[in-house]
Amino acid sequence: MAGYAVKEMFLTLQGEGVQVGRRAVFLRFAGCNLWSGREEDRADAQCRFCDTDFVGLDGDNGGRYPHADALADKAIALWGDLAGAFIVMTGGEPLLQVDDALVAALKARGFETAVETNGTQPAPAGIDWICVSPKAGTDIVLRRGNELKLVWPQPGIDPAALEGWDFEHFLLQPMDGAQLDEARAAAIAYVMDHPRWRLSTQTHKVVGIR
Ligand SMILES: C[S@@+](CC[C@H](N)C(=O)[O-])C[C@H]1O[C@@H](n2cnc3c(N)ncnc32)[C@H](O)[C@@H]1O
Ligand SMILES: Nc1nc2[nH]cc(C(=O)O)c2c(=O)[nH]1
Ligand code: SF4
Ligand SMILES: [Mg+2]
């Protein structure tokens, strides 16, 4: 179907990664290629630890946007009349939907653009900040960008094997879920032994914002 399927769009602070703490519009696209988003499918999905509801168009400012200008107009309205407009495109898997027209429409409104992606899809040119978060057992085509943010622990991925990829920053993000305390301890221990890597905490969950 034509246009962009958006789960939700809201103003918050970037909670993760090297850009943590920045005021940002979050544009969450509906749908992902590694999980249907239905709980009954989780155990058989390629990505089984997802912390996000990306199903449907029913969130704040969600819906089907017919063209890039409509989506970019809503995004800049959410940012408001301040300098330094910054947008993070996420999902779901944003690179199933982000295209040249959307990147151009966001830039025309003054946005600096960022994307959070699982790396299985190529990225259109012109995105200012690319965060790739690889998932074990998937074919990663996007092996360059600004930050590589690996959810940890993930059996089947050796961080050392990723260090040759073309990223400025390498981060381990503890896997949220029933074993979060153990995951955080494991991530800290890994970083203490491997200083090329740094810890990414999901700060939005700690401070109580979206
Ligand atoms: C919900 S994903 C959406 C973007 C894209 N599909 C991806 O996976 O990168 C956003 C970020 O949250 C991370 N994430 C998902 N579930 C998580 C969990 N249970 N604990 C920690 N990080 C998680 C992902 O790895 C990714 O970096
Ligand atoms: N505040 C906040 N920061 C985030 N950084 C990445 C997120 C995501 O779900 O992609 C996220 C999110 O959901 N909320
Ligand atoms: S790839 Fe991203 S959006 Fe898709 S299921 Fe995994 S963490 Fe969730
Ligand atoms: Mg999130």
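**Strands β6, β7 and β8**

I started with L150 and found it standing opposite L172 in β8. I am working on a predicted model here, so every value below is computed from it. How many bridges join β7 to strand β8? I count 8, and the two strands run parallel. β8 covers residues 166-174.

I then looked at the partner formed with β6, residues 129-132. That pairing with β7 is also parallel, with 2 bridges. Here V132 is the residue that stands opposite L148.

Is strand β7 buried or exposed? I find 7 of the 9 residues in 144-152 buried, so the rest of the structure largely encloses this strand.

**First UniProt binding site**

I turned next to the annotations. An unreviewed UniProt entry places a "binding site" feature at L13, Q14, G15, R28 and T90. These positions span 78 residues in sequence, but no two of their C-alpha atoms are more than 14.3 Å apart, so they gather at one spot.

I picked two of them for a closer look. Q14 sits in the loop between β1 (4-13) and β2 (23-29). I count Q14 as buried because 21 other C-beta atoms lie within 10 Å, and the cut-off for that class is 20 or more. Beyond its sequence neighbours up to four places away, Q14 touches Q19, V20, G21, R22, A24 and V88.

R28 belongs to strand β2. I noted 24 C-beta neighbours inside 10 Å, so R28 is buried as well. Setting aside residues up to four places away in sequence, its contacts are V6, K7, E8, M9, F54, T90, G91 and G92. T90 is itself on the UniProt list for this site.

**Second UniProt binding site**

The same kind of feature, from an unreviewed UniProt entry, is placed at F49, C50, D51, G92, S133, P134, K135, Q173, P174, M175 and D176. Again I chose two to follow.

Where does G92 lie? I find it in the loop between β4 (86-90) and α2 (100-108). With 27 C-beta neighbours inside 10 Å, G92 counts as buried. Leaving out neighbours within four places in sequence, G92 is in contact with K7, R28, F29, A30, G31, C32 and F54. I was pleased to meet R28 again here, since G92 is on the contact list of R28 too.

M175 is in the loop between β8 and α4 (180-193). I count it as buried, with 20 other C-beta atoms within 10 Å. That value meets the cut-off of 20 or more. M175 touches F49, V151, W152, P153 and A183, not counting residues up to four places away in sequence. F49 shares the UniProt feature with M175.

**Shells around the ligands**

I moved on to ligand 1. Which of the 19 residues around it come nearest? They are D51, T52, N118, S133 and D176. Two elements, β5 (112-117) and β7, give two or more residues to this shell. By class I get 5 nonpolar, 9 polar and 5 charged residues. D51, S133 and D176 also appear in the second UniProt feature.

For ligand 3, I list C32, L34, W35, C47, C50, T52, F54, G91, G92, E93, N118 and K135. This shell divides into 6 nonpolar, 4 polar and 2 charged residues. C50, G92 and K135 come back here from the UniProt positions.

**Nonpolar core**

The largest nonpolar core has 46 residues. I looked for the members with the most contacts inside it and found V6, L27, L71, A75, I87, L106 and V115. β2 gives the most to this core, with 5 residues.

I followed L106 a step further. Apart from neighbours within four places in sequence, L106 is in contact with A72, A75, I87, F111 and T113. A75 and I87 are also among the core members with the most contacts.

**Last stop: H204**

H204 is in helix α5, residues 203-207. Is it buried, exposed or partly exposed? I find 17 C-beta neighbours inside 10 Å, so H204 is partly exposed. H204 touches T12, L13, G15, I209 and R210, with residues up to four places away in sequence left out. L13 and G15 belong to the first UniProt feature. Finally, I checked H204 against A45: they are 159 residues apart in sequence and 26 Å apart in space, C-alpha to C-alpha.

Conventions. Residues numbered from 1 in each chain as written. Chains lettered and ligands numbered in written order. Predicted model: local features only at pLDDT ≥ 70, side-chain atom pairs only at ≥ 80, totals over all residues. Buried ≥ 20, exposed ≤ 12 C-beta atoms within 10 Å, placed from the backbone. Helix = DSSP H or I, 4+ residues; strand = E, 2+ residues; numbered from the N terminus. Pairing = 2+ DSSP bridges. UniProt positions renumbered as here; feature names shortened; annotations may be inferred. Contact = placed C-beta atoms within 7 Å. Near = placed C-beta within 6 Å. Nonpolar A, V, L, I, M, F, W, Y, C, P; charged D, E, K, R; others polar. Core = buried A, V, L, I, M, F, W, Y, C linked by C-beta atoms within 7 Å.
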